[in-house]
Amino acid sequence: MGWFSKKNAGVSTQEDIENKSWLSFQKLKKGLEKTRTKITSRFKDLLSFRRKIDEDILEELETILLESDMGVGPATKIIQDVRDAWKSKEIEDTSNIYDFLKDKLKQELKAWDVSLITAPVPPTVIMVAGVNGSGKTTSIAKLADFFIKQGKKVMLSASDTFRAAAVEQLDIWSKRIGADIVKHQTGADPAAVTFDALEASLSRGIDVLIVDTAGRLHTNDNLMNELSKIKRVISKKIENAPHEVLMVLDATTGQNAVSQAKLFNRAVNITGIFLSKLDGTAKGGIILGMRNEIDIPVKFIGIGESAEDIQEFDADNFVDALFD
Amino acid sequence: MFESITGSLETIFNKLRGRGRLTDENIKDGMREVRVALLEADTNYKVVKDFIQRVTERAVGEEVVRSVTPGQQIVKIVQDEMEHLMGPVDSKIPFIDGGATIIMLVGLQGSGKTTTSGKLANMIMSKGRKPMLVAADVQRPAAIEQLRILGKQLNIPVYSEKGLNPVKICKGAVKFAKAENRDVVIFDTAGRLHVDEELMLELKEIKGKIKPTQIFFVCDAMTGQDAVNSAKEFDTQLDFDGVILTKLDGDARGGAALSIKAVTGKPIKFVGVGEKLDKLEEFHPDRMASKILGMGDVVSLVEKAQEVIDVEEAEKLEKKLRNDSLTLDDFLNQLQQVKRMGPLKDIIGMIPGMGKKMEGMDINENQLKKVEAIIRSMTLEERMRPEAIEGSRRHRIANGSGTKAQDVSQLQKQFKQMKKMFRQFSGKDGKYLPTDGMPAYDMNIHRKLRSKRKKIKKNKKRR
């Protein structure tokens with residue numbers, strides 16, 4: 001079939017990779033520009049001149065954290081840590097607060113294992129889920145592009161058979177980036193599409209199979225059961241698959257992200273989060289705040305609208321870009 | 001996590017009972033709770049700050065009414081203020097008679113503009129008008145396709161032109177509407193990140209060309225602190241007329257509603273409460289206030305119950321309760337009706353004061369499944385007279401349902417207790433059960449229970 005174009009991008013050289021990683025940092029920085037100017041300018045205002053720490057400063061600091069969607073509990077906790085450090089003379093004046101906070105956040109985020117789980121024998125199956133409008137389809141295109149650039153053969157399974165034109169949208173993406181696609185009609189059984197995609201990926205020697213699913217609110221039990229069923233179909237066909245179950249989370253999401261992660265995790269055991277739409281004014285602070293409630297590593301971030309706007313999560317980069 | 005706001009406020013304020021007036025000092029703790037509740041609901045930090053200040057001002061100096069607890073009184077003030085802030089309700093769309101009413105939907109990516117266009121068209125159709133859809137989103141792959149499918153479902157025309165710039169499409173659409181005799185035109189515009197100046201320019205240009213009757217800003221109810229930024233930006237650029245809040249059928253508390261209203265002053269017109277095209281409702285500030293405060297939503301609970309509970313069945317059941325002939329079969333029926341209302345956790349969450357208490361507590365739906373399995377493994381006769389189930393029957397039922405004999409006898413015991421409880425409520429003449437379709441919730445039950453408790457206490461003292 002005509003649209004099964006199998007484009008293999010050349011494997012990047014070491015230099016390319018180094019160049020790219022620097023570029024990607026710049027890009028992330030740019031993506032987070034708005035976030036940064038917002039948070040940092042306030043930080044800078046706050047910390048521009050050395051002054052003694054007092055409760056007013058701590059309150060102001062808390063405000064800033066709250067505005068990043070970190071959530072009341074986590075923000076209060078971090079402020080308490082700062083307060084403790086201040087009381088124990090670990091930090092003396094406002095000029096230290098900044099580094100203290102940055103180090104603390106980095107340290108916390110570094111506890112995550114963000115490496116991608118891959119299958120010893122291909123295909124690696126990645127299932128992608130999330131609430132409506134979180135950016136699943138675009139994120140899948142980005143993921144596919146990410147693997148294709150590594151010289152992998154990628155197939156997409158159009159298992160979002162519910163939303164009008166979701167299949168078409170994924171189809172357009174697959175052509176743009178050069179990935180295989182398995183699709184049925186809108187309204188078809190998503191588990192059946194997935195099954196066909198699994199068969200096809202085995203017979204065509206696919207390296208990475210990415211399974212799209214319909215967006216669903218995590219509180220809808222029936223739809224969550226449907227999601228579990230899709231996962232079961234995958235596990236039955238290929239042992240230990242899906243190797244990754246990524247939940248796409250819109251970076252503008254507030255405290256509801258906690259509930260989303262919990263309920264998606266209950267249905268399909270999420271292995272990682274794809275943080276999408278980080279290029280707005282959104283702060284993505286929720287991923288810092290979530291950790292007390294449910295600790296799932298962010299594995300990828302989406303920072304733009306085109307297919308190559310994807311990055312593997314890097315705690316240093318993330319925190320630096322946020323505060324630099 | 002905090003408990004139900006009502007619960008924690010009451011604990012704090014009950015200390016004040018009989019103190020006379022609410023003062024700055026003594027409501028401070030309570031306001032802290034309100035602040036947390038609002039922030040947990042994603043209300044913008046600054047909006048929360050202003051709000052707390054206003055509520056404090058209003059509350060200070062108020063006399064503690066003897067009939068209610070100070071906690072309840074504060075909650076009432078908070079709720080009033082919230083409703084005041086989010087109201088007044090204005091879900092009207094000012095249609096232009098004898099001409100085309102033009103509605104333009106704007107919003108961020110993934111906020112639900114396209115689906116909302118379809119829902120809005122559906123709602124407008126039910127008002128006897130003839131809407132059409134315009135796909136002005138040329139950005140997202142297959143967005144036009146999606147709108148076309150919605151149009152087909154609603155059986156209304158969808159105007160789109162591939163490859164043209166959105167401004168031109170919109171101009172063409174207005175002509176098309178006139179030719180096709182359509183009196184309402186809904187424009188689904190491209191969503192992007194609002195930092196995108198290009199999009200804003202495009203939208204402004206469309207606005208200038210088509211001169212929309214109304215512009216609605218579509219916002220995802222799950223949005224965090226950023227909701228204010230995008231709402232403000234869209235409002236400054238486009239001066240929209242109202243807000244449509246989407247995805248409220250999830251468990252988002254929707255503090256964004258409060259923030260957006262506070263920041264832009266524009267009314268929230270409609271809320272999206274489901275994926276189907278008929279799931280667009282008018283906005284109710286009172287319900288929203290309860291939701292934001294995490295106080296449960298009795299109205300929705302009742303509505304949900306009405307959806308699934310068969311009136312006739314309920315009457316039959318009531319009779320059975322009254323003459324003490326409730327069987328396990330009836331019980332099974334009840335279980336299924338409750339299950340049809342959705343996950344138990346959601347239902348309990350809607351009961352005021354229960355919502356947050358249940359957080360973290362895993363309600364065991366499996367327990368219910370177990371009970372169901374046990375009852376299903378019984379013969380009809382056993383369901384009628386569960387007390388007659390003895391050893392070998394119990395074994396058979398346990399085997400059949402994959403449970404243990406203890407589970408079966410536990411169910412027998414519980415059912416017996418339940419029947420006994422109902423008997424107490426209904427009394428011999430059933431005077432505590434409603435007789436004429438009144439809500440089963442009767443103050444008499446409270447009174448009776450209270451007097452009973454008192455009696456028990458007295459008895460204890462005597463001993």
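**Figure 1. Burial and surface of chain B in the predicted model****.** Of the 463 residues in chain B, 50% are buried. The chain holds 20 helices and 8 strands. Its accessible surface is about 23300 Å², and carbon and sulfur atoms contribute 51% of that area. Among contacts in chain B with a separation of 6 or more, 74% join residues that are 24 or more positions apart.

**Figure 2. The open sheet of chain B and helix H5(B)****.** Eight strands of chain B form an open sheet with mixed pairing, in the order S3-S2-S4-S1-S5-S6-S7-S8. Strands S3 (158–159) and S8 (280–282) of chain B stand at the edges; each has a single partner strand, so one side of each lacks a neighbour in the sheet. Helix H5 of chain B (residues 113–126) packs on this sheet and touches S1, S2 (131–136), S4 (184–189), S5, S6 (242–246), S7 (268–272) and S8 of chain B. The direction of H5(B) makes about 170° with that of S4(B).

**Figure 3. Pairing of strands S1 and S5 in chain B****.** S1 of chain B covers residues 101–107 and S5 of chain B covers residues 214–220. The two strands pair in the parallel sense over 5 bridges. In one of the bridges, Ile103(B) has Gln214(B) of S5(B) as its partner.

**Figure 4. Surroundings of Ile124(B) in helix H5 of chain B****.** Ile124(B) has a relative accessibility of 1% and therefore counts as buried, the cut-off being under 20%. Beyond residues up to four places away in sequence, Ile124(B) touches Ile93(B), Phe95(B), Ile103(B), Arg129(B), Pro131(B), Val184(B) and Ile186(B). Of these contacts, Ile93(B) is 31 residues from Ile124(B) in sequence, with a C-alpha to C-alpha distance of 9.1 Å. Ile103(B), also touched by Ile124(B), is the residue whose bridge partner in S5(B) is Gln214(B).

**Figure 5. Helix H11 of chain B****.** H11(B) spans residues 285–292, and 6 of its 8 residues are buried, so the helix is largely enclosed by the rest of the structure. The buried residues of H11(B) are Pro285(B), Arg287(B), Met288(B), Ala289(B), Ser290(B) and Ile292(B). After the helix comes Gly294(B), which has a positive phi near 70°.

**Figure 6. Val263(B) in helix H10 of chain B****.** Helix H10 of chain B comprises residues 255–264. Val263(B) counts as partly exposed because its relative accessibility is 31%, between the limits of 20% and 50%. Setting aside residues up to four places away in sequence, Val263(B) touches Val47(B), Val228(B) and Lys232(B). Between Val263(B) and Leu147(B), 116 residues apart in sequence, the C-alpha to C-alpha distance is 31 Å.

**Figure 7. The open sheet of chain A****.** The sheet in chain A has 8 strands in the order S3-S2-S4-S1-S5-S6-S7-S8, with mixed pairing. Strands S3 (180–182) and S8 (310–312) of chain A are the edge strands, and each pairs on one side only. From one strand to the next the twist averages 25°. S5 (residues 244–250) and S6 (residues 272–276) of chain A pair in the parallel sense over 5 bridges. Asp250(A) has Ser276(A) of S6(A) as its bridge partner.

**Figure 8. Helices H7 and H8 of chain A against the strands****.** H8 of chain A (residues 190–203) packs on the sheet and touches S1 (124–130), S2, S3 and S4 of chain A. Its direction makes about 165° with that of S2(A). H7 of chain A (residues 166–177) lies across S2 (154–159), S3 and S4 (208–213) of chain A. H7(A) runs at about 170° to S2(A).

**Figure 9. Crossing of helices H4 and H5 in chain A****.** The axes of H4 (residues 72–87) and H5 (residues 94–110) of chain A come within 11 Å and cross at roughly 130°. This angle makes H4(A) oblique to H5(A). The crossing is right-handed. Ile78(A), Asp81(A), Val82(A) and Ala85(A) of H4(A) meet Ile97(A), Phe100(A), Leu101(A), Lys104(A) and Leu105(A) of H5(A).

**Figure 10. Thr137(A) in helix H6 of chain A****.** H6 of chain A runs over residues 136–148. With a relative accessibility of 7%, Thr137(A) counts as buried. Apart from neighbours within four places in sequence, Thr137(A) is in contact with Arg163(A), Gln169(A), Leu170(A), Trp173(A) and Asp212(A).

Conventions:
Residues numbered from 1 in each chain as written. Chains lettered and ligands numbered in written order. Predicted model: local features only at pLDDT ≥ 70, side-chain atom pairs only at ≥ 80, totals over all residues. Heavy atoms only, no water. Helix = DSSP H or I, 4+ residues; strand = E, 2+ residues; numbered from the N terminus. Buried < 20%, exposed > 50% of the residue type's maximum accessible area, 1.4 Å probe, protein only. Contact = heavy atoms within 4.5 Å. Areas by Shrake-Rupley, 256 points an atom, 1.4 Å probe, with all protein chains shown as cover. Pairing = 2+ DSSP bridges. Axes fitted to C-alpha atoms, helices over the stretch in contact; angles between N-to-C directions. Parallel < 35°, antiparallel > 145°, perpendicular 65-115°, else oblique. Left-handed = near helix turned anticlockwise from the far one by under 90°.
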